[in-house]
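Me: I have a protein model open and want to understand its inside and its surface. Can we go through it step by step?

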Amino acid sequence: FDLLSTIKKVIKMNVEPMPETTSPVVTPERPSPVYAWYMTLLLMLLYMFSFLDRTVIVLLIEPIKRDLLLNDTQISLLYGLAFAVFYTFLGIPIARLADSKSRRSIIAVGVLFWSAMTVACGLAKNFGHLFAARIGVGAGEAALSPAAYSLISDSFPEEKRAKAMSVYTMGIYLGVGVAMLLGGQVIEFFDNVGTVTLPWVGELRGWQLTFIAVGSPGLLFFFLVMALREPARQGLVSGAPKTIPMGEAMHWFRQRKGFYLSFYLAMAFGALYSYSLTAWTPSFFIRTYGWDTLQVSKYYGTVVLIFAPAGIISGGLIASARASRGDGLAHVRITVIAFAALLIPAATVTLVDNPWVSLGLVAVIKFIHGLPLGIAMAVVHDITPNRLRAQAAALYLFALNILGLGVGPTLVAVLTDYVFRDPADLRYSMAIVGIFACTIGLLLSIYAMRQLRTLKQKPTELTSP
């Protein structure tokens, strides 16, 4: 009986919320608007380069397949699963550090690590080497977004948070667009240079030199991040411990699992479609319409660079305007509308016979998909206490990347390799995945909106602000 009593006490300590406190909430001064926007733009630039480093591989699919003798499924594992495994599983422990330690230092170390691992991709000689280096890229990039979201939240008042986070989130598609545009030029340059032989390294082909080139700027970003002044944390209770125990943190999220789970999964299915489209669009245009790599990088890169950021900014502006008029569900409402609007273009984009019509539909998809992307973390942070925000972001990114990045590109490749059994049928695999992901995302986002309405009507008091 003593043992049972002890076990009950331990369980109670780990899952029950801390008693309510009457200690005053600390509201330190935020950084000036100019400095807050400078920090946000620098973080956006980092996000852009992180996506450049992780995405440039999609332009290198055909030469990597040729030199390393790989199939579509193996390529999809390099792009998706290899990156996603450590990116997702390291995100949560790193986020717990970001909720109590120096977020600036965490980001700086991550920048150095992922840049070094991108260079290591260029030194790979076989599938195993490249897989391991891609894991390292994911491990380093896991340090960025949870800490960045937390920094932005502490730098802006609630009514401006959606706009600031939308600007940060633009880094996703700026990175993809630059990867397409700049990557195509870099690839063409190194293809003209030919094979290069270096001491202790040996022969390096054009695709390997491309990885080395895009990974090299990391040292500059390290110094820029270390020069940042970290904003004070907002909304903390005076005298409260810096870190909420894991048991209590998970208890807090479980109490609200209806919203968090449905909203995170809805966004994850959106990411599943987006990552599968990003991974295979270059190969789709090459295989279906006979375009070359430079054509794809120029036209597809321009579309991504213009329409996706426009969608993200538009979503932030619309959500902020509706929220200022009293619409407490604006962020999730836009998510529902976006999924509904994606259904038809997702079903047809790869099935049309004209490459320019297809490219136009890609532009529509990128714009619509961007609408909820920048505001997703704003609504999450609005209902999440400060000391759990980085962890909330890590759980969000866990869902997005383990399902979206880890499954999306590979699902398309498996359908192509093992169901259709013809690389030319890639277009049908992409259409099937698009219809499936957008339909599930629509249903989940409708449920998430209902859950958020319930949370706002019957709020549960936060015991650990």
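Me: How many cavities of 30 Å³ or more does the structure hold, and what is the volume of the largest cavity?
Reply: This is a predicted model. It holds five cavities of 30 Å³ or more. The largest cavity has a volume of about 220 Å³.

Me: Which residues lie nearest the centre of the largest cavity?
Reply: The lining has 21 residues. Helix 2 (33-55), helix 4 (72-98), helix 8 (158-193), helix 12 (257-289) and helix 17 (389-420) each supply at least two of them. Nearest the centre are Phe51, Ile172, Tyr275, Leu373 and Leu400.

Me: How many residues of that lining are nonpolar, polar and charged?
Reply: Sort the lining of the largest cavity by residue class. One residue is charged and six are polar. The nonpolar residues number 14.

Me: Is helix 9 mostly covered or mostly uncovered, and which of its residues are buried?
Reply: Helix 9 spans residues 206-215. Eight of its 10 residues are buried, so the helix is mostly covered; buried means under 20% relative accessible area. The buried ones are Gly206, Trp207, Gln208, Leu209, Thr210, Phe211, Val214 and Gly215.

Me: Now the surface. Which residues make the nonpolar patch?
Reply: The patch covers about 460 Å². Its makers are Leu123, Leu198, Trp200 and Val201.

Me: Why does Val201 count as partly exposed?
Reply: Val201 lies in the loop between strand 2 (196-198) and strand 3 (202-204). Partly exposed falls between 20% and 50% relative accessible area. Val201 counts as partly exposed because its relative accessibility is 31%.

Key: Residues numbered from 1 in each chain as written. Predicted model: local features only at pLDDT ≥ 70, side-chain atom pairs only at ≥ 80, totals over all residues. Heavy atoms only, no water. Patch = residues over 30% accessible without salt bridge, like charges linked within 9 Å, V, L, I, M, F, W, Y side chains within 5 Å. Areas by Shrake-Rupley, 256 points an atom, 1.4 Å probe, with all protein chains shown as cover. Salt bridge = Lys/Arg side-chain N within 4 Å of Asp/Glu carboxyl O. Helix = DSSP H or I, 4+ residues; strand = E, 2+ residues; numbered from the N terminus. Buried < 20%, exposed > 50% of the residue type's maximum accessible area, 1.4 Å probe, protein only. 1 Å grid on protein atoms, 1.4 Å probe; cavity = no way out; pocket = protein on both sides within 12 Å on 5 of 7 lines; lining within 4 Å. Points joined across faces, edges and corners; volume = space filled by probe spheres on them. Nonpolar A, V, L, I, M, F, W, Y, C, P; charged D, E, K, R; others polar.
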